[in-house]
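Open your viewer, switch to the cartoon view and get ready to select some pieces one by one. At each stop you will hear what to pick and what to look for there.

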Amino acid sequence: MRIAIVGADGQLGSDLVKVLRSSHDLIPLTQADIEVTSPDSVQAMLRIHQPELVMNMAAFHKVDVCEDEVEPTFAVNAYGVRTLALACRAHNAVLLHMSTDYVFGSDKTRSTPYVETDAPAPINAYGISKLAGELFVQYLTDRYYILRVCGLYGVAGSAGKGGNFVELMLRLAREGKPIKVVDDQRLTPTYTVDVAHQIAALIETGRYGLYHATSQGDCTWYEFAAEIFRQSGLTPDLGRARTGDFGEKATRPAYSVLENKALQSIGLDQMRPWHEALEAYLKERQSTTERSRKL
Ligand SMILES: NC(=O)c1ccc[n+]([C@@H]2O[C@H](COP(=O)([O-])OP(=O)(O)OC[C@H]3O[C@@H](n4cnc5c(N)ncnc54)[C@H](OP(=O)(O)O)[C@@H]3O)[C@@H](O)[C@H]2O)c1
């Protein structure tokens, strides 16, 4: 398939390029190549490259910044997605779009994973903008895949967030200071390589629709940090914090665990338990570090 990847140098985008490049004709696009907030730029990309499938990894997703900078947030996460959806429809291309667990969160007593048929109810500007993006895709196109993911980490680090949680924890441990991590937000950290493989499998099916695609199981950010240190053989001074302790601007869901029910229903859920995925990530970053040391 001829596939354009928007945000190809981001965290998930770069793993998609690695996973798909041997089996597809890829057009990896960075923000220097395409600006999703510009209809001219988006239309030109579709006209020039004529992809059969467009994968949109672009996002404005610094969750606290989104609270104040609502216009750029919506420009990328909602209107930019609308522009992509319209252009894909005009050029007869399929659109694959990434969304988030943060489309949920208003149910404060929730303790069972959300499935795709649960009604979204975001509680911050980022989540509202991502839900608007999803709705534009569903309203404007018939041939789409929307994948909701959660707590992504990959070796490239999130371009939009300036790194990833695992790297942040490892850096803080190296610095030797006490570390405090919130223990009242339950989620599923998810390795971008696994999502890239899941996407590779899904696009072969032509089964369009909305999918949850996270690792299996769940934990709090504190429990995730504790497991990162356990697997890395580190013993920093790790303590529990509560939401709000760091003066965060955005409200975050206390529980945003997703179940990959739609993938399960088509026999395609290949996501592994989150602590196994973490182990694979730690191995990958180790071999990446060793390779770059040899160069
Ligand atoms: N990271 C998470 O924990 C998480 C959780 C749930 C859902 N998601 C969703 O998963 C997707 C991928 O996330 P990620 O962590 O891989 O993101 P990322 O590393 O921040 O990558 C985003 C990519 O999009 C590009 N981009 C940003 N704004 C753009 C624009 N206006 N026009 C064109 N390209 C633009 C960025 O380019 P530059 O580098 O040049 O800015 C970057 O290559 C996003 O849709 C995000 O909302 C992420």
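**Stop 1: two oblique helices**

Select α1 and helix α7 (residues 192-203): they pack at an angle of about 55°, with their axes 8 Å apart. Helices here are DSSP runs of H or I with at least four residues, strands are E runs of at least two, and both are numbered from the N terminus. Axes are lines fitted to C-alpha atoms, for helices over the stretch in contact, and angles run from 0 to 180 degrees between N-to-C directions. α1 and α7 are therefore oblique to each other (angles under 35 degrees count as roughly parallel, over 145 as roughly antiparallel, 65 to 115 as roughly perpendicular and the rest as oblique). The crossing of α1 past α7 is right-handed, a word used when the near helix is turned clockwise from the far one by less than a right angle, while anticlockwise makes it left-handed.

Now show side chains. Among the residues making the contact are Leu12, Asp15 and Leu16 of α1 and Val193, His197 and Ile203 of α7; contact means heavy atoms within 4.5 Å. By class, this contact of α1 with α7 has 10 nonpolar, three polar and one charged. Ala, Val, Leu, Ile, Met, Phe, Trp, Tyr, Cys and Pro count as nonpolar, Asp, Glu, Lys and Arg as charged, and the others, Gly among them, as polar.

A word on what you are viewing: this is a predicted model, in which local features need pLDDT of at least 70 and side-chain atom pairs count only at pLDDT 80 or more, while totals for chains, interfaces and linings use all residues. Residues are numbered from 1 along each chain as its sequence is written, and side-chain values use heavy atoms, leaving out hydrogens and water.

**Stop 2: the sheet**

Next, colour the strands in the order β2-β1-β3-β4-β5-β10: they form an open sheet of six strands with parallel pairing (two strands pair if DSSP finds at least two bridges between them). β2 (25-29) and β10 (209-212) stand at the edges with a single partner strand each, so one side of each has no neighbour in the sheet. On average, neighbouring strands are turned by 20° against each other, direction ignored.

Zoom in on β4 (residues 94-100) and β5 (residues 144-149), which run parallel and are joined by six bridges. Which residue in β5 is the bridge partner of threonine 100? Click on valine 149.

Add helix α1 (residues 11-20) again: α1 packs on the sheet, touching β1 (2-6), β2, β3 (53-56) and β4, and its direction makes about 160° with that of β1. Then show α5, which lies across β4, β5 and β10 and runs at about 160° to β4.

**Stop 3: helices around α4**

Keep α5 (residues 125-140) and add α4 (residues 70-90); the two pack at an angle of about 10°, with their axes 9 Å apart. That makes α4 roughly parallel to α5. Their contact includes Phe74 and Val81 of α4 and Tyr126 and Phe136 of α5.

Swap α5 for helix α2 (residues 39-49): the axes of α2 and α4 come within 10 Å and cross at roughly 35°. Val42 and Leu46 of α2 are among the contact residues, as are Leu84 and Cys88 of α4.

**Stop 4: a salt bridge**

The structure holds 16 salt bridges (a side-chain nitrogen of Lys or Arg within 4 Å of a carboxyl oxygen of Asp or Glu). Select aspartate 64 and arginine 252, a salt bridge whose closest N and O atoms are 3.0 Å apart. Aspartate 64 lies in helix α3 (residues 63-68) and arginine 252 in the loop between β12 (238-241) and α9 (261-265), so the pair ties together parts that are 188 residues apart in sequence.
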